[in-house]
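Colleague: I should like to understand how the descriptive terms applied to this model are justified. May I put some questions to you about it?

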Amino acid sequence: MKNAKVRHVAIIMDGNGRWAERRGLPKVEGHRQGARQVTEVLKAAQEYGVEFLTLYAFSTENWKRPVAEVTALMGLLEEFIDDKLPELMKNGIRLRTIGRTEDLFPGARKKLLHAIEMTEKNNGGTLNLALNYGGRAEIVDAVNKMAAEMTEKGGRFPKVTEESFRNYLYASDIPDPDLLIRTSGELRLSNFLLWELSYSEMYVTDTLWPDFGKKEFGEALEAYGQRDRRFGGRK
């Protein structure tokens, strides 16, 4: 049996820097064009009936980049929220985040929290931004949260199951991604959703993220539809 409808798509948006470099532009222009593509892909996701779109926007490792680039990325996040909030409201999109967002620049975090609050009751789909996110960090945070909760209750640490552990992840109420898309041709997970991607289908394209639009998104969904998800089982 071929795959049914895709509910959740996760994307590693890679290639902004190379896109700018090939055009003789500053790297920040690649990031700016990449931010514009989010709108097109989000619209495509709605048209295809995708309920959840999770985008790897800023990793815990991205802090190692030059200060000027990090500052520019934080500024672009603020621009993105200012520009897209009216559109998110119009289209009924709920904005959520995963990651250690408390460490983002104060201005960006303030705008982000405002947008999350404003879109909280929207039910036309969910845009989930991974910001200051790392898969290993998420697992560590989940373990620490579980331990802290048990300490507060003064009880013994309970037996942990996959189901109980999942409740401590950043977005335990969102289903695991059906499909992971990675742009720019790189073949690695880059510390993204290490727990949640265990049985996700993967689609890698050489297309750089600033060139990835509705057509490419549709091709990824079409490829997914031709696969059989067995979750470790056999026919």
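Colleague: In what order do the strands form the open sheet, and is the pairing parallel or antiparallel?

Modeller: In this predicted model, the open sheet has 6 strands in the order β3-β4-β2-β1-β5-β6, and their pairing is parallel. The twist averages 20° from one strand to the next.

Colleague: What makes β3 and β6 the edge strands?

Modeller: β3 (94–98) and β6 (201–204) each pair on one side only.

Colleague: How do you know that β3 and β4 pair?

Modeller: Pairing requires at least two bridges between the strands. β3 and β4 (residues 126–133) have 5 bridges, in the parallel sense, so the requirement of at least two is met. As one instance, T97 has L129 in β4 as its bridge partner.

Colleague: Which helix packs on the sheet and touches β2, β3 and β4?

Modeller: That is helix α3 (residues 67–90), whose direction makes about 165° with that of β4. Helix α4 (residues 106–118) also packs on the sheet; α4 touches β3 and β4, and its direction makes about 135° with that of β3.

Colleague: Why is T54 called buried?

Modeller: The limit for buried is under 20% relative accessible area. T54 has 2%, and is therefore buried. T54 lies in strand β2 (residues 52–59). Beyond its neighbours within four places in sequence, T54 is in contact with residues including H8, I98, N128 and F192.

Colleague: What makes the approach of T54 and H8 a polar contact?

Modeller: The distance joining the two side chains is 2.8 Å, and the cut-off is within 3.5 Å. The pair of T54 and H8 therefore counts as a polar contact.

Colleague: How do you know that D14 and R18 form a salt bridge?

Modeller: Their side chains meet at 3.3 Å, N to O, and the criterion is within 4 Å. D14 is buried at 17%, whereas R18 is partly exposed at 28%. The whole structure contains 17 salt bridges.

Colleague: What joins E186 to R188?

Modeller: A salt bridge does, with the closest N and O atoms 3.0 Å apart. Salt bridges that share partners join D14, R18, R182, E186 and R188 into one network.

Colleague: Why is E69 called buried and R65 partly exposed?

Modeller: Buried means under 20%, and partly exposed lies between that value and 50%. E69 has 13% and therefore counts as buried; R65 has 34% and therefore counts as partly exposed. The side chains of R65 and E69 meet in a salt bridge of 2.9 Å, N to O.

Colleague: Why is the aromatic pair of Y48 and F217 called tilted?

Modeller: The ring centres are 6.1 Å apart and the planes are at 45°. Stacked requires under 30 degrees and edge-to-face over 60, so the rest are tilted. Y48 is in the loop between α2 (27–47) and β2, while F217 is in helix α7 (residues 214–225), 169 residues apart. Y48 is partly exposed at 40%, whereas F217 is buried at 0%.

Colleague: What makes the pair of W209 and F212 stacked?

Modeller: The planes of W209 and F212 are at 20°, with ring centres 5.5 Å apart, so the pair is stacked; the limit is under 30 degrees. W209 and F212 are both buried.

Colleague: How many aromatic pairs are there, and which residues form one aromatic cluster?

Modeller: The count is 9 aromatic pairs. Y56, Y133, Y170 and F192 form one aromatic cluster.

Note on methods. Residues are numbered from 1 along each chain as its sequence is written. This is a predicted model: local features need pLDDT of at least 70, side-chain atom pairs count only at pLDDT 80 or more; totals for chains, interfaces and linings use all residues. Side-chain values use heavy atoms; hydrogens and water are left out. Helices (H or I, at least four residues) and strands (E, at least two) are DSSP runs, numbered from the N terminus. Buried means under 20% relative accessible area, exposed over 50%, partly exposed in between (1.4 Å probe, protein chains only). A polar contact is a pair of N or O atoms within 3.5 Å; within protein, one must be able to donate a hydrogen and the other to accept it, and residues adjacent in sequence count only if both atoms are side-chain atoms. Contact means heavy atoms within 4.5 Å. Rings of Phe, Tyr and Trp (its six-membered ring) pair if their centres lie within 6.5 Å; planes under 30 degrees apart count as stacked, over 60 as edge-to-face and the rest as tilted. Axes are lines fitted to C-alpha atoms, for helices over the stretch in contact, and angles run from 0 to 180 degrees between N-to-C directions.
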